[in-house]
Amino acid sequence: MALTATSTSTITTLLISLFFLPKIYSSEFTHIRFAKADVDLLEFPLNLEFFEAEFFLYGALGYGLDNVAPNLTKGGLTPLGAMKADLDHFTQDVILQFAYQEVGHLRAIQKVVKGFPRPLLDLSKESFAKTVDAAIGKKLSPPFDPYSSGVHFLLASYLIPYVGLTGYVGTIPKLKAPSSRRLVAGLLAYLYEHAKDIVSPYGITVGEFTNLFSELRDRLGHQGHKDEGLVVPLAEGAEGKINGNVLAGDADSVAFDRTAEEILRIVYGSGDEKKPGGFYPKGGNGRIARTHLL
């Protein structure tokens, strides 16, 4: 979908200011009028922001936006199955920081565009287990439970903000780049530090999990190679000189991009933007997502 009426550079400047300089967006940009196509693109990320905010809030606190910032939900349905995770003190502190950042992102976007009600989210352990089984290619025993430990929760988080970052790159250049990249880099750096650790009781390392998750996202997205795990063959690393891959990118280390449709195929778990399911049992909200459900 092409940007119209408002130039890409204007939107880029606006959104960098939105998420990097919050005092600027509140006073200087809320009056800007956008073309309808631009509004659709600006609103679409709310689907992912709701997902991230709720997952992180529940994981750290045991409750979500209904308690923390109910006005931001716009009357949307309460998530299914979300719960407090069994996190160590350090991980809980980090996840709580992520959570409150996502609350701020929601508020910032809704100051610029009207937004839409929070879509129904299935954040249950069963929903994550189904996704992980699809990545592994078999049913794990016991089923993967993101709320059972800090490592499990961070691996589950790898499915969320990482997908969001590639979505922002694909729909609007540099959308949320500074803050999103810091959040994702922090998460992936922690996982990379433990890449060789075996995740109990599965006998699979953290690095192997990330590779399998990345392969799943590529399969569901149906647009070729746009994802990589934390450890890659030397030839696929930056400049062909390194195996570590904390922030994946193409041959020039430029972030992969995904369209809104690719994002929907992945988070629905169906590989089809017209077939909701997975983490969004009734589909996403906003014109872009709802158009595919007609």
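## Tyr202 and its surroundings in a predicted model

Leaving out its neighbours within four places in sequence, Tyr202 is in contact with Leu140, Ser141, Pro142, Pro143, Phe144, His152 and Phe209. This comes from a predicted model, and Tyr202 makes a handy place to start looking around it. The residue sits in the loop between strand S1 (198-199) and strand S2 (204-205). Being in a loop doesn't leave Tyr202 out in the open here: its relative accessible area is 14%, so it counts as buried, the cut-off being under 20%. One of its partners, Leu140, is 62 residues away in sequence, yet the two C-alpha atoms are 7.4 Å apart in space.

The same neighbourhood brings in a couple of unusual peptide bonds. Pro142, one of the residues that Tyr202 touches, belongs to the loop between H7 and H8. The bond joining Ser141 to Pro142 is cis, with omega at about -5°. Over in the loop between S1 and S2 there is Pro201, and the peptide bond that leads into it from Ser200 is cis as well, with omega near 5°. Tyr202 is in that loop too.

Zooming out for a moment, the chain has 294 residues, and 55% of them count as buried. Its secondary structure adds up to 13 helices and two strands. Contacts that reach a long way along the sequence turn up a lot: taking pairs at least 6 residues apart, 71% of the contacts join residues at least 24 apart.

Helix H8 also has a link to Tyr202, through His152, a buried residue of that helix. H8 is mostly covered, with seven of its eight residues buried. Besides His152, the buried set is made up of Gly150, Phe153, Leu154, Leu155, Ala156 and Ser157.

H8 packs against another helix as well. The axes of H4 (residues 46-61) and H8 (residues 150-157) come within 11 Å and cross at roughly 175°. Anything over 145 degrees counts as roughly antiparallel, so that is the label for H4 and H8. On the H4 side, Phe55, Phe56 and Gly59 make the contact, while H8 brings Phe153, Ala156 and Ser157. Sorted by class, this contact has four nonpolar residues, two polar ones and no charged ones. The three residues from H8 are each on the buried list for that helix.

Gly59 shows up again when the loop between H5 and H6 comes into view, as Met83 sits in that loop and touches Tyr58, Gly59 and Tyr147, with residues up to four places away in sequence not counted. Met83 is partly exposed, at a relative accessible area of 34%. Its C-alpha atom is 8.9 Å from that of Lys125, a residue 42 places away along the chain.

Lys74 is found in that loop too, between helix H5 (65-68) and helix H6 (89-112). Lys74 has a positive phi of about 55°, although it is not a glycine. Like Met83, Lys74 counts as partly exposed, here at 36% relative accessibility.

The model's largest pocket is next, with a volume of about 250 Å³. Its lining has 16 residues, and those nearest the centre are Thr131, Leu220, Ile266, Tyr268 and Gly269. Three helices give two or more residues to the lining: H7 (125-136), H11 (206-221) and H12 (260-268). By class, the lining has 10 nonpolar, four polar and two charged residues.

Among the residues nearest the pocket's centre, Tyr268 is worth a closer look. Tyr268 lies in helix H12 and is buried, with a relative accessibility of 2%. Apart from residues up to four places away in sequence, Tyr268 touches Glu273, Lys275, Pro276, Gly277, Gly278, Tyr280, Gly283, Gly284 and Ala289. As for Lys282, it is 14 residues from Tyr268 along the chain, and their C-alpha atoms are separated by 9.3 Å.

Technical notes
Residues numbered from 1 in each chain as written. Predicted model: local features only at pLDDT ≥ 70, side-chain atom pairs only at ≥ 80, totals over all residues. Heavy atoms only, no water. Axes fitted to C-alpha atoms, helices over the stretch in contact; angles between N-to-C directions. Helix = DSSP H or I, 4+ residues; strand = E, 2+ residues; numbered from the N terminus. Parallel < 35°, antiparallel > 145°, perpendicular 65-115°, else oblique. Contact = heavy atoms within 4.5 Å. Nonpolar A, V, L, I, M, F, W, Y, C, P; charged D, E, K, R; others polar. 1 Å grid on protein atoms, 1.4 Å probe; cavity = no way out; pocket = protein on both sides within 12 Å on 5 of 7 lines; lining within 4 Å. Points joined across faces, edges and corners; volume = space filled by probe spheres on them. Buried < 20%, exposed > 50% of the residue type's maximum accessible area, 1.4 Å probe, protein only.
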